[in-house]
Amino acid sequence: MKSSLIRKELLPFLAIFGLLILATIIIDVLLHQFELVWIGRWLGIPGTFLILLSFIYSFRKRKIINYGKPKVLLTLHELLTLLGALMILVHAGIHFYTILPWLALIAMLVNVISGMTGSYLLGRSRRFLSEKKNAYSQQGLSKEEIEKNLFWDATSFDLMKKWRAVHLPITLVFVVLGVTHILSIFLFWEWK
Ligand code: HEM
């Protein structure tokens, strides 16, 4: 039981994070090898763009937009933030010397780990709520409505709520540090 928990829950978690770090190192080495370090300098921009794009899930959830399947948008959120984080890691690995960008980077990594924890908790609550499915079908809801109800039920489940109380402030810290870093780059350019 315990070993299957480790295999099913902990290993994929560590594997994804490990792959992220490994991919960063490989890309960093390749960029140096082929004297393409300048690419790393610019990767911060598409990386930031992908992470911003991933917030489309949040807009859908908070009904700022009404199109797109929530489940698909959440998967997109996970993929885009991981890809964006990879780009920003490569960007950071190459040429950061001052403290602020490092703080922003640490906040991003904490955000990524927190996001992965949320993803795990979501899976857990969805499994737990699967019995609700029967109740909904007894109410005569359509298949699509049942899927949608279950999705939102799972995201509002106990631990998910507690987790969100941590994840949102982490996101705020990351955004503030990231924006300060970006603004300081613009100021630096102005004064040069
Ligand atoms: C730079 C990295 C990340 C940032 C800034 C970020 C930001 C956010 C924000 C702001 C929310 C709340 C959405 C809302 O309630 O309106 C959220 C939810 C979520 N994120 Fe992330 N995230 C990041 C990375 C990740 C990663 C890597 C994963 C998983 C692989 C992930 C999985 C989730 C999940 C499962 C939710 C919960 C869905 C819900 O509560 O409705 N996030 N994220």
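**An all-helix chain and its ligand shell**

Reading from the N terminus, the elements of the protein chain go α-α-α-α-α-α-α-α. That makes eight helices and zero strands. The model is a predicted one, and residues here are numbered from 1 along the chain as its sequence is written. Of the 192 residues in the protein chain, buried ones make up 19%. As for how the chain folds back on itself, take the contacts with a separation of 6 or more: 76% of them link residues 24 or more positions apart.

Helix H5, residues 99–128, is a handy place to start. Its 30 residues, at 1.5 Å each, should span 44 Å, and the end C-alpha atoms sit 43 Å apart, so the expected and modelled spans agree. The buried residues of H5 are Pro 101, Ala 104, Leu 105, Met 108, Asn 111, Val 112, Gly 115 and Leu 121.

Two of these lead on to other parts of the chain. Met 108 turns up again among the residues with the most contacts inside the largest nonpolar core, together with Ala 85, Leu 86, Met 87, Ile 88, Leu 89 and Val 90. This core has 15 residues, and H4 and H5 each put in at least two of them. The top contributor is H4, with eight residues. In soluble globular proteins, nonpolar side chains tend to be buried together. Leaving aside residues up to four places away in sequence, Leu 86 touches Leu 20, Ala 23 and Thr 24.

Asn 111, the other one, pairs up with Val 166 across a gap in sequence: the two are 55 residues apart along the chain, yet 9.8 Å apart in space from C-alpha to C-alpha. Val 166 belongs to helix H8. While Asn 111 is buried, Val 166 counts as partly exposed because it has 13 C-beta neighbours inside 10 Å, and a residue needs 20 or more to be called buried.

That leaves the ligand. There are 25 residues around it, and those that come nearest are Ser 58, Glu 78, Thr 81, Gly 115 and Thr 155. Gly 115 is also on the list of buried H5 residues. Four helices each supply at least two residues of the shell: H3 (56–61), H4 (70–95), H5 (99–128) and H8 (158–191). H5 takes the largest share, at eight residues. By class, the shell is a mix of eleven nonpolar, ten polar and four charged residues. H4 and H5 thus appear in both settings, supplying residues to the ligand shell as well as to the largest nonpolar core.

Key
Predicted model: local features only at pLDDT ≥ 70, side-chain atom pairs only at ≥ 80, totals over all residues. Near = placed C-beta within 6 Å. Nonpolar A, V, L, I, M, F, W, Y, C, P; charged D, E, K, R; others polar. Core = buried A, V, L, I, M, F, W, Y, C linked by C-beta atoms within 7 Å. Buried ≥ 20, exposed ≤ 12 C-beta atoms within 10 Å, placed from the backbone. Contact = placed C-beta atoms within 7 Å. Expected span 1.5 Å × (residues − 1).
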